[in-house]
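The following note was prepared for a colleague who has the sequence and the coordinates at hand. The points are numbered for ease of reply.

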Amino acid sequence: MSDTTQTLPSLPALWRRTDKVWLLIAAIPASVALFDPPQAWPTFEFAIGALGHTAPFIIFAVLAVALLKATGAENLLARAFEGREVRMIFLAAAAGGLSPFCSCEVIPFIAAMLALGAPLSAVMAFWLASPLMDPAMFLITSGTLGWDFAIAKTVSAIALGLMGGFGVRLLANSPVFTDPLREKPKIGDCCGAQKPFSGKPVWKFWPDPARRAAFWASIRENGPFLFKWLLLAYLLEALMLEYVPAEAIAQLLGGEGIRPILLGAIVGAPAYLNGYAAVPLIDALLQQGMADGAAMSFALAGGVSCIPAAVAVWALVKPRVFFGYLGFAMLGALLAGLAWGAIA
């Protein structure tokens, strides 16, 4: 007789396959129920209510990104790297601040552009602006923090890209930015990106089975992604509002001047989960007394220094260029925070 028994997966293998975000989502209300039972249901209720408030923005954002994927509209991005260098910097910063693609997806594209001779200045403009804003993030930000903050962050993302692009152009012959590429770029595939940005957009996509499949695949991928990260963020927001003293936040990140803005940028780097989950955290910090300028510097510095965005740069350029990227990011975050703090 053949052995029909099946070997159960080992604990390390099971742990590797388990989505840690969902584990954390389950752990938060369970921990609250264990240590503070009366607060368990209000914590969960707050998170579900906030998620329901944001749901229309999530649905619209998921559909918009799916439409762009199905039509191949991302192919228009390559046009930002055509023509004169100054024109490329402007278009690359705008494309980075408005495109709906994660940092991993653009690695093969940027590698190809650099190999074909696209100037590092335009690439830097795109890299700095790209992780800070996209259509889905804009809608979620506007739904939670207001249209003014969402628009200001978009403008700041493009301005940060321009600053980095023209900064690299000015310092192109300096020891930092000469010979920027790794000999063998480490191109990852954490998003499953494969040869993007080829061909022309097809706006009437529904007769094409492959494009219809891409439309639904995008929905299946982005819908659960946004749902789980925002649910986690709203649970963390509920904990922050309940257990973190407002006086402590106001003392650390409140007030006027450059100090809270600088601290917002410094705290933003390690505390930033991703562009979507950061929105509820910023909302909670603002409610606890965080200064407006510090909120903007937190959002920008965290967005550029988060792991996916940083890996996209580290994969292709030498360390000195990578640290130049981080330097532009921190300076831009401080300037944007000061500007937003002055007008908000």
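1. With which residue does K318 form a salt bridge? The partner is D179, and the closest N and O atoms of the two side chains are 2.7 Å apart. K318 lies in the loop between helix 14 (307-314) and helix 15, while D179 lies in the loop between helix 8 and helix 9, so the contact ties together parts that are 139 residues apart in sequence. K318 is partly exposed, at 22% relative accessibility, whereas D179 is exposed, with a relative accessible area of 53%. Please bear in mind throughout that this is a predicted model.

2. The count of salt bridges comes to 3. Another of them joins the side chains of E85 and R169, at 3.4 Å from N to O. This pair also links distant parts of the chain: E85 belongs to helix 4 (residues 85-98) and R169 to helix 8 (residues 147-170), 84 residues apart. Both partners fall in the partly exposed class, E85 at 27% relative accessibility and R169 with a relative accessible area of 40%.

3. A further salt bridge is formed by D208 and R211, whose closest N and O atoms are 3.8 Å apart. The distance is within the 4 Å cut-off, so the pair is counted. D208 is partly exposed at 30% relative accessibility, and R211 is likewise partly exposed, with a relative accessible area of 21%. As buried means under 20%, R211 is not classed as buried.

4. Which residues form the nonpolar patch on the surface? They are I258, L262, I266, L331, L335 and L338, and together they have about 510 Å² of accessible area. Helix 11 (258-271) and helix 15 (319-343) each supply at least two residues of this patch. One of its members, L262, lies in helix 11 and counts as partly exposed, at 37% relative accessibility. Patch residues must have over 30% relative accessible area, so L262 meets that condition.

5. Helix 15 also packs against helix 13. The axes of helix 13 (residues 292-305) and helix 15 come within 7 Å of each other and cross at roughly 160°. Angles over 145 degrees count as roughly antiparallel, and the two helices are therefore placed in that class. The crossing of helix 13 past helix 15 is right-handed.

6. Is helix 6 buried or exposed? Of the 10 residues in helix 6 (residues 120-129), 10 are buried, so this helix is largely enclosed by the rest of the structure. The buried residues are L120, S121, A122, V123, M124, A125, F126, W127, L128 and A129. The list thus includes S121 as well as the aromatic residues F126 and W127.

7. A last point concerns F215, which is found in helix 9 (residues 209-243). F215 is buried, with a relative accessible area of 14%; the class requires a value under 20%. How far apart are the C-alpha atoms of F215 and A70? They are separated by 4.9 Å, although the two residues are 145 residues apart along the chain.

How values were computed: Residues numbered from 1 in each chain as written. Predicted model: local features only at pLDDT ≥ 70, side-chain atom pairs only at ≥ 80, totals over all residues. Heavy atoms only, no water. Patch = residues over 30% accessible without salt bridge, like charges linked within 9 Å, V, L, I, M, F, W, Y side chains within 5 Å. Areas by Shrake-Rupley, 256 points an atom, 1.4 Å probe, with all protein chains shown as cover. Helix = DSSP H or I, 4+ residues; strand = E, 2+ residues; numbered from the N terminus. Buried < 20%, exposed > 50% of the residue type's maximum accessible area, 1.4 Å probe, protein only. Axes fitted to C-alpha atoms, helices over the stretch in contact; angles between N-to-C directions. Parallel < 35°, antiparallel > 145°, perpendicular 65-115°, else oblique. Left-handed = near helix turned anticlockwise from the far one by under 90°.
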